[in-house]
Amino acid sequence: MSLLRICTRHVRFIQPRMRYIQSSALVFRVIQSPSVENVSFSGEKESFQLPFNNGTRIFASKRTSEILRSLFVLKLCSYDVVAKHSMLVLGSSGRKRERAHTRETCPFFLVPTTSKRLLRRLVSIRTDKLYVLVLVTNIINIFTYSNREEMFDRNAKAILDCIEKTEEGGFSQMKVTAICSPLLLNVLNKHLGPYEMSVDIPAGLDIQNLAGGFDHKIKFPVLKDSQNAHLQNVLARLDTFAKVCINRNVRLVIDAEQTYLQAAINQLVLALQYKYNKSQPWVYNTYQCYRKDTLNRVNANLKLMDKLSFHFGAKIVRGAYMTQERQRAAEMSYEDPIHDSYEDTNAMYDEVIYTVLQRVRDTPAEVMVATHNEQSVILAVERMKELDITSNGKVAFGQLYGMCDQVSYLLGQKGFSVYKSVPYGPVGEALAYLARRATENRDVIQRTEKERSLLWLELRRRMTLKPLT
């Protein structure tokens, strides 16, 4: 019996007015909650309050062993030496595949790699009153097949399987590098990079020409014949993904990647949005706010959408490749594209969210506020109140399982769309993903006092068998 069939026998997936993300991850929606200072949000018909630190037992459903493990991991991550070297620590663990590390530490953040362990985790999540959606997708390694197009076709089939397993009204998430050679993206990036913050792009490189490639053959003048042939296959795959998503009433979320690939990826996503986001946002882009130019790029894309009459849809993140980006900039002697400080990144994130929320208020635009920063969540809710945006599904919040849980649970309880993502797949790939998240959210991981205090509160309650005030 397949893993998916085993899981579906134990978990109910469909819930009204819920959306889910699928990628190489397990995703679930929260229905309970609390968190850090009082924030209120009032819409036309409903009033929301985020009573942080109000004594609500967020972790009442956790086993004592899970609470102890969480306290240990959160305390460990609070040390700068651990957070700073997470890429080295987790990367080494992934290569060695040490069972003790995978079994004892990783379950705090991700689902184990065997079907038996996965099933136990699913049952545990259901006990926590969390709705579960399982996706079993292994993107094939780039060195597995000598035939490049065969490899990308197999990856495309895996992504289509993910979309087919996504519940109606949900999300399916993917990376362009799963279906397109980074070498081609890098070539395109060199030509498109100078125009990332511009509405006007030279003829032949514009999104109208690129979007034409979804329906007929096109030829980019800057590419060789073999590169154009590969690009045509990439466009066909993306077009198929979008069509299947729309037929299933599913949003397609395309991840952002490294800056030396992102201008090309962004152009592909804009072309797909140009074709399919005419009435509503079926295709989501991703914007990384650790980049110094993000707000300018967002504004340029919004102007382009106004000019060509299609709608904005995006996931807003801080970014996942900071260490790699800084190292490459230093080695190749060009200006570091990443903000100098975490505070600058926060300021960019909040400004981008406010800009996008204004578009959400005035158009069919949609956004996912993907952040583990508590203040950014609070500010986003305040902005929604200021702009009179209700929790109607056009704005969603997302965090990784094991991080910022107290905020996630509270938002879910108050009627917001909230997503908790758990990476699932080969140990090496999952740990590399977590290492990037740890680096990206280093400041947040180190400041876990609030979550740890709530865990201690629950542990003390169990030890004393008395309610705590």
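**Helix packing, cores and two loop residues**

User: Before we start, what kind of model is this?

Analyst: This is a predicted model.

User: OK. How do helix H12 and helix H14 cross?

Analyst: Helix H12 covers residues 294–308 and helix H14 covers residues 342–362. Their axes come within 9 Å and cross at roughly 15 degrees. Because angles under 35 degrees count as roughly parallel, H12 is described as roughly parallel to H14.

User: And is that crossing left-handed or right-handed?

Analyst: The crossing of H12 and H14 is right-handed.

User: Which residues make the contact?

Analyst: From H12, the contact uses Thr294, Leu295, Val298, Asn299, Leu302 and Asp306. H14 contributes Met348, Glu351, Val352, Thr355, Val356 and Arg359. Sorted by class, six residues in the contact of H12 with H14 are nonpolar, three are polar and three are charged.

User: Let's look at Arg297. Where is it, and is it buried or exposed?

Analyst: Arg297 is located in helix H12. Its relative accessible area is 3%, and buried means under 20%, so Arg297 is buried.

User: What does Arg297 touch?

Analyst: Leaving out residues up to four places away in sequence, Arg297 touches Glu196, Met197, Tyr287, Gln288 and Arg291.

User: New topic: which residues touch the most other members in the largest nonpolar core?

Analyst: They are Leu238, Ile316 and Phe397, within a core of 79 residues. Helix H11, residues 259–276, gives the most to this core, with 11 residues. As background, nonpolar side chains tend to be buried together in soluble globular proteins.

User: Which residues does Ile316 touch?

Analyst: Not counting residues up to four places away in sequence, Ile316 touches Tyr287, Cys289, Tyr349, Val352, Ile353, Val356, Val367, Met368, Val369 and Ala370. Apart from the largest core lies another core, of eight residues, and Phe171, Val317, Met368 and Tyr419 are among them.

User: Last thing: which loop holds Asn249, and what is its phi?

Analyst: Asn249 sits in the loop between helix H10 (225–247) and strand E7 (251–254). Asn249 is not a glycine, yet its phi is positive, at about 55 degrees. With 26% relative accessibility, Asn249 counts as partly exposed.

User: And what about Asp388?

Analyst: Asp388 also has a positive phi, of about 60 degrees, although Asp388 is not a glycine. Asp388 lies in the loop between helix H15 (374–386) and strand E11 (395–400).

User: How accessible is Asp388?

Analyst: The relative accessible area of Asp388 is 42%, and Asp388 is partly exposed.

Notes
Residues are numbered from 1 along each chain as its sequence is written. This is a predicted model: local features need pLDDT of at least 70, side-chain atom pairs count only at pLDDT 80 or more; totals for chains, interfaces and linings use all residues. Side-chain values use heavy atoms; hydrogens and water are left out. Axes are lines fitted to C-alpha atoms, for helices over the stretch in contact, and angles run from 0 to 180 degrees between N-to-C directions. Helices (H or I, at least four residues) and strands (E, at least two) are DSSP runs, numbered from the N terminus. Angles under 35 degrees count as roughly parallel, over 145 as roughly antiparallel, 65 to 115 as roughly perpendicular and the rest as oblique. A crossing is left-handed if the near helix is turned anticlockwise from the far one by less than a right angle, and right-handed if clockwise. Contact means heavy atoms within 4.5 Å. Ala, Val, Leu, Ile, Met, Phe, Trp, Tyr, Cys and Pro count as nonpolar, Asp, Glu, Lys and Arg as charged, and the others, Gly among them, as polar. Buried means under 20% relative accessible area, exposed over 50%, partly exposed in between (1.4 Å probe, protein chains only). A nonpolar core is a set of buried Ala, Val, Leu, Ile, Met, Phe, Trp, Tyr and Cys residues joined through side-chain atoms within 4.5 Å.
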